[in-house]
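Reader: Please show me the sequence and the model, and then let us go through them by question and answer.

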Amino acid sequence: MEAGCANEIGSLVTTRVVTCSYCGGRAKFVSGDVVYGRTGPWSSMAFWYCAPCKAWVGCHKRNSKYGFIGDEPLGRLADYELRRAKRILHSVFDPLWKRKWMPRGVAYKSLAKAMGIPVKDCHIGYFDLNQCREAYVAVNDIRMGLSRFDR
Ligand SMILES: [Zn+2]
């Protein structure tokens, strides 16, 4: 069987079912080598991957919170366009808390409020393309609202 067809990476086997956000098919649990087609820093990282859609999502690191299989996805599967949108959104959102313009929790609360969604649902990893666009506008409004003394 070709690498990536079984839901296992080395000795890590998962029974978790993750569905592709695009085709509705079952995503495969694979190493980064399958996603990127070559070895690299991602070789030891786990992903959920749908080959026909060229969509994937990384996993939380193996630990006591997320389990030792490391199969807990960071969000929904994302295709090229969504991965790009999320990167752009992170580039405007993350400075809010990384540069300490506000605490991280406040940044997420402000974004959730602006988007009219509960804070518990405010995870960029779970946003679709429209939500990324909406969040991008909201984040710029939040940044515009910061006084120059905040930054
Ligand atoms: Zn798919």
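Reader: Is R16 buried or exposed, or partly exposed?

Author: This is a predicted model, in which local features need pLDDT of at least 70 and side-chain atom pairs count only at pLDDT 80 or more, while totals for chains, interfaces and linings use all residues. Residues are numbered from 1 along each chain as its sequence is written. A residue is buried if 20 or more other C-beta atoms, placed from the backbone, lie within 10 Å of its own, exposed if 12 or fewer, and partly exposed in between. Because R16 has 14 other C-beta atoms within 10 Å, R16 is partly exposed.

Reader: Where is the place of R16?

Author: Helices (H or I, at least four residues) and strands (E, at least two) are DSSP runs, numbered from the N terminus. In these terms, R16 belongs to the loop between strand 2 (12-13) and strand 3.

Reader: Which strands stand at the edges of the open sheet with the order 3-4-5?

Author: Three strands form this open sheet, and their pairing is antiparallel, where two strands pair if DSSP finds at least two bridges between them. Strand 3 (28-31) and strand 5 (55-58) each have a single partner strand, so one side of each is left without a neighbour in the sheet; the edges are therefore strand 3 and strand 5.

Reader: What is the bridge partner of Y49 in strand 5?

Author: Strand 4 (residues 46-50) pairs with strand 5 in the antiparallel sense, over four bridges. In strand 5, the residue bridged to Y49 is W56.

Reader: Which residues of helix 4 are buried, and how many degrees does their arc cover?

Author: Helix 4 (residues 129-145) has 17 residues, and its buried residues are Q131, C132, A135, A138, V139 and I142. The arc is that of the directions from the helix axis to the C-beta atoms. These buried residues lie on the same side of helix 4, because the arc they cover around the axis is only 130°.

Reader: Which residues are exposed on the other side of helix 4, and what does the cover of its buried residues include?

Author: On the other side, N130, V137, N140, D141 and M144 are exposed. Two residues are in contact if their C-beta atoms, placed from the backbone, lie within 7 Å. What covers the buried residues of helix 4 includes helix 2 (80-98) and helix 3 (104-115).

Reader: How many Å apart are the C-alpha centres of domain 1 and domain 2?

Author: The bounds come from an automatic or database domain assignment, which gives domain 1 (1-77) and domain 2 (81-145). Between their C-alpha centres, the distance is 25 Å.

Technical notes: The expected span of a helix is 1.5 Å times one less than its number of residues.
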